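This report describes selected features of one protein model. It moves from a single residue to a sheet, a hairpin and a pocket.

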Amino acid sequence: MASMDFDLSPKSAQKLFEGEGGSYCSWSSSGFPMLGEQKVGAGKLVLPPRGFALPHYADSSKIGYVLQGNGGIVGMVLPKSSEEVVLRLKKGDVIPVPLGALSWWYNNGDHSEEVVIMNEKEASKLAKSQTGILLIKLEPGVSMPQPNSKTAEKMVYNIDAAPADVEVNGGGVFKTLTAAKFPFLEEAGLSVNHVRLEANAMHSPSYTADGTFQAFYVASGAGRVQVVGIGGKRALDTKIQAGQLLVVPRFFVVAQIADNEGMEFVSILPTTSPAVEEFASKKSVWNALSPIVSQVALSVTPEFEEFFKSNMQKTTTLIPPTN
């Protein structure tokens, strides 16, 4: 349980609509006040075969991340454009949807398509309209527009197929996606991290140093998450599992530990150039401090300070389990 005056516990989404054409779930700002303060949110769209989300405007920037399925199609008309862009989507694809864009989503495959959307205001808009429902199932034989493969290279990025930024034997894989790698992210003003932890491995404690929060969505597996607040007080120590969202405040330190089946999660940061600092690895800010400053701050002997920093030099972002 959280020991702060607000609840940091990870939560599952609330289902807003379910019908023949699919379902839409949302994480509300009442459950995560920080989302409301930042005017962002999160939702999960599930489209069965021939499920169709009718065209709707994005009244704030968002990112779609395909969790499952390879038959997704999205059509989009960007702001100040009169041209419809049609893109094919598959598992692992990241697609920014800029403010003011008009988009529709369709499952042209044999499996359900799950898309995580960072936009709280879109939740009620996607579930209903003047006539009732914005999620429908198309009749067999309906021919949808064909995707444009050339445009896809500029507007869609498959993070599953991307090379790892960090890969540790027995620890897992860490990937980061910013506007430097994928310029179209600038349109949404967001960035993405993708982490796959092996069984019982740990994602090293980290925090945002630029005043932004982090939102974590567990795509598969389960584990444990620990959060420490300003002043060193433990704010959260609890289990987390697939389908749950965790929002970590700025400057709070967070660490994730996978259980026996491993864990995969995606984190979204509301900035195109995130400043995420590691707390206990060779990239830790502690390594930049003078020895005497570390000794006084930690109230330790010179010998322990040297031991402390030497061990951090051996640690990376992903930490395998100890035998």
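In which strand does serine 23 lie? Serine 23 belongs to strand 3, which covers residues 22–27. The model is predicted, and the values below are computed from it.

**Two buried residues**

Serine 23 counts as buried because its relative accessible area of 8% is under 20%. Leaving aside residues up to four places away in sequence, serine 23 touches Phe17, Glu18, Lys44, Leu45, Val46 and Leu135. The C-alpha atom of serine 23 is separated by 9.8 Å from that of isoleucine 136, although the two residues are 113 residues apart along the chain.

Histidine 203 is placed in strand 19. With a relative accessible area of 6%, histidine 203 is also under the 20% limit and is therefore buried. When residues up to four places away in sequence are not counted, the contacts of histidine 203 are Phe174, Val195, Leu197, Ala255, Gln256, Phe265, Thr317 and Leu318.

**Sheet and strand pairs**

An open sheet is formed by 5 strands in the order 8-7-10-5-14, with antiparallel pairing. Its edges are strand 8 (84–89) and strand 14 (135–137), each of which pairs on one side only. On average, and with direction ignored, neighbouring strands of this sheet are turned by 20° against each other.

Within this order, strand 7 stands beside strand 10. The table sets out this pair together with that of strand 20 and strand 21.

| Strand pair | Sense | Bridges | A bridge partner pair |
|---|---|---|---|
| Strand 7 (residues 72–77) and strand 10 (residues 102–107) | antiparallel | 6 bridges | valine 77 and leucine 102 |
| Strand 20 and strand 21 (residues 234–241) | antiparallel | 7 bridges | glutamine 226 and aspartate 237 |

Strand 20 and strand 21 form a hairpin with 5 residues between the strands. In this hairpin, glycine 231 takes a positive phi near 95°.

**The largest pocket**

The largest pocket holds about 340 Å³ of space. Its lining comprises 20 residues, and those nearest its centre are Phe174, Asn193, Val276, Glu278 and Thr317. Two of these names recur from the account of histidine 203, which touches Phe174 and Thr317. By class, the lining has 7 nonpolar, 9 polar and 4 charged residues.

Which elements give two or more residues to this lining? They are strand 17 (172–177), strand 18 (191–197), strand 19 (202–208), strand 20 (214–228), strand 23 (253–269) and strand 24 (276–278). Strand 19 is the strand that holds histidine 203, and strand 20 is the strand that pairs with strand 21.

How values were computed: Residues are numbered from 1 along each chain as its sequence is written. This is a predicted model: local features need pLDDT of at least 70, side-chain atom pairs count only at pLDDT 80 or more; totals for chains, interfaces and linings use all residues. Side-chain values use heavy atoms; hydrogens and water are left out. Two strands pair if DSSP finds at least two bridges between them. Helices (H or I, at least four residues) and strands (E, at least two) are DSSP runs, numbered from the N terminus. Axes are lines fitted to C-alpha atoms, for helices over the stretch in contact, and angles run from 0 to 180 degrees between N-to-C directions. On a 1 Å grid over the protein atoms alone, a cavity is a set of points where a 1.4 Å probe fits but cannot get out, and a pocket is an open set with protein on both sides within 12 Å along at least five of seven lines; lining residues have an atom within 4 Å of a point. Grid points are joined across faces, edges and corners, and a volume is the space filled by probe spheres set on the points. Ala, Val, Leu, Ile, Met, Phe, Trp, Tyr, Cys and Pro count as nonpolar, Asp, Glu, Lys and Arg as charged, and the others, Gly among them, as polar. Buried means under 20% relative accessible area, exposed over 50%, partly exposed in between (1.4 Å probe, protein chains only). Contact means heavy atoms within 4.5 Å.
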